[in-house]
Amino acid sequence: MKRPTLEVVAARAGVSKSSVSRVVNGETTVAPQIREVVMRAVRELGYVPNAAARNLVTRRTNAVAVVVSDPPQGVVSDDPLFSTVVRAVSRELEAVGKQVVLMLAESDGSRARVEAYVAGGHVDGVMLVALHGTDPLPAALARTGLPMASFNRTSVPGVPYAGLDNAGGAALAVRHLLERGRRRIAAITGPLDLFEARERLEGYREALRETGRRSIVALGDFTRASGAEAMRQLLEDDPELDAVFASNDLMAIGALRTLRQAGRRVPEDVAVVGFDDIEAAAYTAPALTSVRSPMADQAIATVHLLLGLIEGGPREPVVIPNELVVREST
């Protein structure tokens, strides 16, 4: 069968060709009753808009690049919450008719390819995920002039973002430990070239400063293995510590393993709090107290921020609040 044209749809709907064009191109100035009769005709005739022609008119690709800039070892893309973020972003963009282009940047070569693709006009905007402070990609993409929003803060001034209250969440965890009578509270921090790791460390330190206590810090990299090793270092440096705050749940799970191997009871001898509240946190032994990070909400907020930017909307950052989920480890 011959593919129906705009003219055929207009004749069936009893409106002008320009009215049909405005409806199928998503313009908001069309009267509801006209939109209704046009869409009825579109459904009856099986009309499919010519995407290439529509893009020439609207100067839109209806595609969004989701750029994950992560080191080769996959510190972020291996995180259990990564799939939650990608699913939430995909569903939210597809619900408004946007094609999702997922791009992984793990090397200089892949970062150059991402920059060239974005600069080539293949997408209407960019959502950035998992950025390290020294990463050159955000600045390169900002120079393309395309609308860009970040999942968490970036090193590039002025890039709008949706982020968690990392410092506030960490302080919440430490205050909980203080309320439980803990006095020598250590921290296992993530890579300090990540904004969220630095912010969580600052929240930990600020809560201790409020009570005049000193910081006891070991460096991890957000993996279970690094959490286990950091916990070993902390026990060697300060055998009397009675609590630990880990900057994510994977490191907290590693710390639980080391404490068990060292014969330290949790929470009787050492209380443990994590951050993120991944699904596994409820199934550790003992179950892990954690700061819940509503990653899906953060991802959706980033999408809405980007879609607003594409339409010329505001650039103010969005901060998502946290809550503490108390379980057996404290």
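Student: In this predicted model, how far apart are the end C-alpha atoms of helix 3?
Tutor: Helix 3 covers residues 32-45, which is 14 residues. At 1.5 Å a residue, they should span 20 Å. The model agrees, with the end C-alpha atoms 20 Å apart.

Student: Within what arc do the buried residues of helix 3 fall, seen down its axis?
Tutor: Val38, Ala41 and Val42 are buried in helix 3. An α-helix has 3.6 residues a turn, so residues three or four places apart point the same way. The buried residues of helix 3 line one face, because they fall within an arc of 105 degrees.

Student: Which helices help cover those buried residues of helix 3?
Tutor: The face turned away from the buried side carries exposed residues, Pro32, Gln33 and Arg43. On the buried residues, the cover includes helix 1 (6-13) and helix 2 (17-24).

Student: Which residue follows helix 3?
Tutor: Its phi is positive, near 70 degrees. The residue is Gly46.

Student: How many residues apart are the two members of the aromatic pair?
Tutor: A search of the whole structure finds one aromatic pair. Phe245 and Phe275 form it edge-to-face, 6.4 Å centre to centre, with 65 degrees between the planes. The pair links distant parts of the chain: Phe245 lies in strand 8 (residues 243-246) and Phe275 in strand 9 (residues 271-276), 30 residues apart.

Student: Which residue has its charged end over the ring of Phe275?
Tutor: Phe275 is buried, as is Phe245. The charged end in question sits 3.8 Å from the ring centre of Phe275. It belongs to Arg200.

Conventions
Residues are numbered from 1 along each chain as its sequence is written. This is a predicted model: local features need pLDDT of at least 70, side-chain atom pairs count only at pLDDT 80 or more; totals for chains, interfaces and linings use all residues. Side-chain values use heavy atoms; hydrogens and water are left out. Helices (H or I, at least four residues) and strands (E, at least two) are DSSP runs, numbered from the N terminus. The expected span of a helix is 1.5 Å times one less than its number of residues. Buried means under 20% relative accessible area, exposed over 50%, partly exposed in between (1.4 Å probe, protein chains only). The arc is that of the directions from the helix axis to the C-beta atoms. Contact means heavy atoms within 4.5 Å. Rings of Phe, Tyr and Trp (its six-membered ring) pair if their centres lie within 6.5 Å; planes under 30 degrees apart count as stacked, over 60 as edge-to-face and the rest as tilted. A charge sits over a ring if NZ of Lys or CZ of Arg is within 6 Å of the ring centre and within 35 degrees of the ring normal.
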